[in-house]
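Reader: I should like to understand how the words used to describe a protein model are justified. May I put some questions to you?

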Amino acid sequence: MPERTERLTVRKTYKLYIGGAFPRSESGRSYPVTDAKGRFIANAAHASRKDVRDAVTAARKAFPGWSGRTAYNRAQILYRIAEMLEGRRDQFTAELRHAGASKTQAAAEVDAAIDRWVWYAGWADKITAVTGAANPVSGPYFNFSTPEPTGVVAVIAPDSPLLGLVSVIAPAIVTGNTTVVIAPQPAPLPAITLAEVLATSDLPGGVINILTGHRTELAPWLATHMDVNAIDLTGVPDADVPALEDGAAENLKRVFRAAEDWSGDPGTARMTAFLEVKTVWHPVGV
């Protein structure tokens with residue numbers, strides 16, 4: 001028998017997730033990802049301004065189809081994401097341990113992230129009933145208020161690598177928005193693995209686009225991009241918020257920012273933050 005040699009590990013190439021595909025950054029750049037003890041783990045793609053534009057284009061292209069789907073169908077797809085995430089439970093646990101979580105903490109966070117997808121899936125066909133209304137008016141009219149998705153939502157994710165990430169993405173898309181997400185910079189691997197889950201979960205390409213790189217470089221381009229309708233600044237440090245708010249004001253973006261205990265009750269605030277309410281008057285008898 002031939003002499004047995006030690007097998008080399010197959011190193012993974014970490015890429016961006018844009019329009020349902022996994023391109024490398026057009027800049028060709030990458031940055032090193034280390035574990036909680038400073039040991040090298042991998043090189044992640046370092047997205048550029050051009051990648052931001054490509055991601056926004058993909059999100060806009062996906063918006064009509066995604067917002068036009070029934071709430072029931074969106075719920076099915078979010079539930080499918082939870083199923084696929086469950087199947088990669090061990091991989092997510094290992095990646096969270098790289099980020100410094102204990103085995104118990106990592107397992108608990110993965111379970112909570114799975115449950116969070118299911119929780120938001122359950123809201124898909126209920127949020128309209130909660131936020132819409134048939135309004136009493138004086139006159140021979142029907143008057144209805146119904147919520148509609150805002151459009152393309154930019155999300156700067158918090159440093160919570162999985163549960164926080166899921167908790168800012170799911171409420172934006174469940175109501176029909178599409179997203180461009182800047183992954184947690186210090187620990188981006190769970191976000192990249194989540195992209196692989198999304199690509200195999202029936203979610204249409206372009207609904208969620210995930211960029212890895214430096215928030216300080218990418219966030220200003222999203223804030224000023226004229227085809228982005230809203231921006232979630234949850235993952236932005238306090239000192240950087242005013243400049244991004246000023247940039248977003250150029251095209252009257254909705255700006256949302258709220259620090260949370262990600263393990264707590266999510267509530268509905270993140271869903272309603274990216275909804276517009278349309279009021280319709282209709283004559284009685286017509």
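Reader: Are F256 and F274 buried or exposed, and how do you know?

Author: This is a predicted model, in which local features need pLDDT of at least 70 and side-chain atom pairs count only at pLDDT 80 or more, while totals for chains, interfaces and linings use all residues. Residues are numbered from 1 along each chain as its sequence is written, and side-chain values use heavy atoms, with hydrogens and water left out. Buried means under 20% relative accessible area, exposed means over 50%, and partly exposed lies in between, with a 1.4 Å probe and protein chains only. By that standard both F256 and F274 are buried.

Reader: Why is W119 called partly exposed, and why is Y120 called buried?

Author: W119 has a relative accessible area of 30%, so it is partly exposed. The value for Y120 is 1%, and therefore Y120 is buried.

Reader: What makes the pair of W119 and Y120 edge-to-face?

Author: A pair of aromatic rings is described by the distance of the centres and the angle of the planes. Rings of Phe, Tyr and Trp (its six-membered ring) pair if their centres lie within 6.5 Å; planes under 30 degrees apart count as stacked, over 60 as edge-to-face and the rest as tilted. By this rule the count comes to four aromatic pairs. In one of them, the ring centres of W119 and Y120 are 4.9 Å apart and the planes stand at 90°, so the pair is edge-to-face. W119 and Y120 also belong, with W123, to one aromatic cluster.

Reader: What makes F256 and F274 an edge-to-face pair, and which parts does the pair tie together?

Author: The distance is 5.9 Å centre to centre and the angle between the planes is 70°, which fits the edge-to-face class. F256 lies in strand β9 (residues 254-256) and F274 in the loop between α10 (269-272) and β10 (275-283), so the pair ties together parts that are 18 residues apart in sequence. Helices (H or I, at least four residues) and strands (E, at least two) are DSSP runs, numbered from the N terminus.

Reader: How do you know that the charged end of R49 sits over the ring of W221?

Author: The rule asks that NZ of Lys or CZ of Arg be within 6 Å of the ring centre and within 35 degrees of the ring normal. The charged end of R49 is 3.8 Å from the centre of the W221 ring. R60 likewise lies over the face of F63, at 5.9 Å from the ring centre.

Reader: Why is strand β5 described as largely enclosed?

Author: Five of the five residues of β5 (residues 152-156) are buried, so the strand is largely enclosed by the rest of the structure. In a regular strand the side chains alternate between the two faces of the sheet. In β5, V152, A154 and I156 are buried on one side, and V153 and V155 are buried on the other.

Reader: How do you know that β5 pairs with β6?

Author: Two strands pair if DSSP finds at least two bridges between them. β5 and β6 (residues 178-182) have five bridges, in the parallel sense. Across this pairing, V153 stands opposite T179 in β6.

Reader: What makes β3 and β10 edge strands?

Author: The strands of an open antiparallel sheet follow the order β3-β4-β10. β3 (133-134) and β10 each pair on one side only. β3 and β4 (residues 141-149) are joined in the antiparallel sense over two bridges, and A134 stands opposite F144 in β4.
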